[in-house]
Amino acid sequence: MIKSLAFLCLPLLAVAQKQTTVAIRNAKIVTISGPVLYKGTVILKDGLIEAVGENVRIPAGAWIIEGDGLTVYPGLIDGLSTVGIIPPPVITPTTTAPATPPARGPEDRPRTTSWERAADKVRANDPRIDSARNAGFTSVVTFPTAGIFAGQGAVVNMAGDNPSKMIVESPAGQYMTLAGAGGQGAARGFPSSGMGVYAYVRQIFIDLDYYEKTKAAYQANPAGKQRPAYDRALEGLKESGRLLLPAGSKVEMERVIRLASELNMPFVLYGAQEGYRTSEQLKQGKVSVLVSAKWPAKIPNGDPDAEESLRTLEVRENAPSTPAALAKDGVKFAFYSDGQTPVEFIKGVRLAVERGLSHDDAVKALSLSTAEIFGIANRLGSVEKGKIANLVISKGDLLAEKSTIQYVFIDGIHFVPSPDAAPATVAPPGATGRRPRTGDQK
Amino acid sequence: MKIAKFLLFTVPLVAQDSFILRNVTIHPVTSADIVGGSIVVANGKIVELGAKVTASKSIKVIDGRGLHVYPGMINCATQMGLSEVTSVRESNDTNEIGEFLPQVRAVVAVNPDSEHIPVTRVNGITSSLVLPASLSETGRGAGTGPQSILRGQSAMIHLDGWNWEDMAISRNAGVLMRFPAIVTRRAAFGEGAIGTPIPYNEAKKTYETELKKVEEFFDSAKHYQAAKMAKAAGFKLNVQLDAMIPVLEGKVPLLIAAQKERTIRDAIAFAKKQNVKIILLDVTKPGKALDVIKQNNIPVVVGKPTSLPEDEDDPYDASYSLPGQLYKAGIKFAFGTYDNQFARNLPYEAAFAVAYGLPYEEALKALTIGAAEIFGVSNEIGSIEKGKSADFVVTDGDPLEVRTQVKMLFIRGKNVSLETKQTRLYEKYMNRK
């Protein structure tokens, strides 16, 4: 506390600067990509990591953070989220809107918004951004989530007041769901069953293949040819480049892997709570998975006399050991919050650590592995020279219950965790981001 | 058997519809079997039976050499005569709407010409309990809005007759009640559909509100009863409350569908509090409530032995072995099929229970005299005894065995035709040129 107060005067010189050069010295650095440095220095400059090492020269004028007793980690990434996309308010219609007729078949492109981009929907004023940052999440991979082909995700940094500057990568893949809509009577449209959804997914990829071919043929020589119709669903799908497919149970994983192998597009499974039973198969198929850290739990306020099946209890007991099993078999996996608050999310990850996953592997599954799965490991996910300066600095092991987050850097900008996450510190004014919770507010 | 050999009877009177059935093996159920015996029937009643019976020369003789005689079986849960084709609205006369309808009488709605009746009785079932509402509307899948609680009076009927007056054995064999239950799952439709859960405290609140309503109704019925007894000034007849008097007096039981332990316990506690008699229907998973049932001497109509187990981890034979468990616990029980279409399978339901631990003799008793005792009609039906209604079935073997053929069927002494819709269709298509 006293130390940080002492820094108050130093960067005053650099008020005009948006980003200062920061040096964290003599800290334990968990680089994730390489060995742990026990007395290392990290230099952040212009929003990037300029240098990492044990014998790094500190540039003149840098804000120096004494790292004794602190551990530096790469900023955490939530592998699948909706943070940044503010759900539209529910409006009660005053007049009944004309009902859209239910879809009759794949030609109606039911429940498909594959062209929608999270990057276009992200808003900087989502309050969830603050709480993510306070828990050490410097990026999230955020997705539109409604529909069979819900839309394209984006990797978003949790800082800034301009959404355009927050986007790290877009598109980051196509979010898919595979559940039949069900429905009765007039509301019933194609596809209402699971088999209908599978048929539709197969169909749309056959359509995509044909679409590409006719387009190519037309572009090569348009004369004397009818022009192919523009199809935004297929354009959106093609753009996304990666599919996120849901699979929680063993049978779902087997089924979805089989489907995905026909689709000629890279894919990632999400859910994967029964991964403890399937890690062998996932390894053989070289499948990457996003593991939901929302472990199955007894429903609150449930019937005390209802008998829970052995199957339910078994999954509830074993699901948190999935990450350990995947790590052991060398399956690439990352965690995602699955709608939980960041604090609940970290608690979920902690349970996986209790069930045999090493602490640093858990951090990896919240950083480098996530970055690798989304193809952005050249920019994010580890404390490495040249990468984006997203760091989280804690006192104690980052995921440990008693640890406190001391500093969060996103794009090299310092954010002060909220008072409940850590004791308040005073940030150097020039180095602060938007709406930091600073000591002068206290 | 020994005693039967030395019996010698003479029939003094020859009634118009009287006959003697000779050379049969009689299984009276309430006493030892009689090999090579005879049964004399007059005026619809059994007047004599034994190894040696001499009858008047003018009496009609039916020779049953090599055949077996069993009392007609009783199906304790049907809607016989009330529902023909469940999906054809016009052919259904069940499930009245309203919360408390103890005055609704199933017996008057029985259609004597229902096609289900001949189909059912050719398997040896001569009586059935007719419920005024289906149990699917009564017990299972509740939680779809305000529902009836007292569903009406059930009736025990013979499966033959010109009209319901002919058929009725007991016009009010019990008032069917949907007992309020803590329902923690909404009803779902379709194969394998699972309803969304309802929070327990919410479900419990609904249950408590409903139970309070039931208690209030019973209280008002008691006040009415007292006013009637006292011949109070200004007393006015109220059919709804009047129908509660036999229940409050303990003359007519409440029939409560209770599948699982919690509902069973709640229903029994309610019966004790209100001091009324109850019979539990469709008991499928009593668990530890078995003891409570026994302690309170509550009769039970078991759930279909061939139905699937209630919960995922229940043993595969949970339903098959339940009747055996009830027997071992000393609980009085009977069988029912809870439908009309498959009411004929009653003996095979019991046969499953026999394969899974219920002694054969007990199964036969539960199908006949046991059922008659539970519903208070054992002076009329349920066994082959002097003075009882001549409701019996003549077979070439064990009636619980699928291969056994029913050769003759007697209901109230009448030799009932074995023709059914199925045999008529069989004839029709066999004769097609």
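A residue counts as partly exposed when the number of other C-beta atoms within 10 Å of its own falls between the limits for buried, 20 or more, and exposed, 12 or fewer. Asn23(B) has 15 other C-beta atoms within 10 Å, so Asn23(B) is partly exposed. The model described here is predicted.

**Positive phi angles**

Asn23(B) belongs to strand E2 of chain B, which covers residues 19–26. The phi angle of Asn23(B) is near 55°, a positive value in a residue other than glycine.

Lys286(A) also has a positive phi, near 50°, and is likewise not a glycine. Lys286(A) sits in a loop of chain A, between helix H8 (275–284) and strand E14 (288–292). Is Lys286(A) buried or exposed? Lys286(A) counts as exposed, because it has 9 C-beta neighbours inside 10 Å, and the limit for exposed is 12 or fewer.

**Cis peptide bonds**

Two peptide bonds leading into proline in chain A are listed below with their omega angles.

| Peptide bond | Form | Omega |
|---|---|---|
| Ser170(A) to Pro171(A) | cis | near -5° |
| Phe190(A) to Pro191(A) | cis | near -10° |

Where in chain A are these prolines found? Pro171(A) is in the loop that runs between strand E10 (167–169) and strand E11 (174–176). Pro191(A) is in the loop between E11 and helix H5, the helix of residues 194–220. Strand E11 therefore borders both loops, by the numbering of strands and helices from the N terminus.

How values were computed
Residues are numbered from 1 along each chain as its sequence is written. Chains are lettered from A and ligands numbered from 1 in the order in which they are written. This is a predicted model: local features need pLDDT of at least 70, side-chain atom pairs count only at pLDDT 80 or more; totals for chains, interfaces and linings use all residues. Helices (H or I, at least four residues) and strands (E, at least two) are DSSP runs, numbered from the N terminus.
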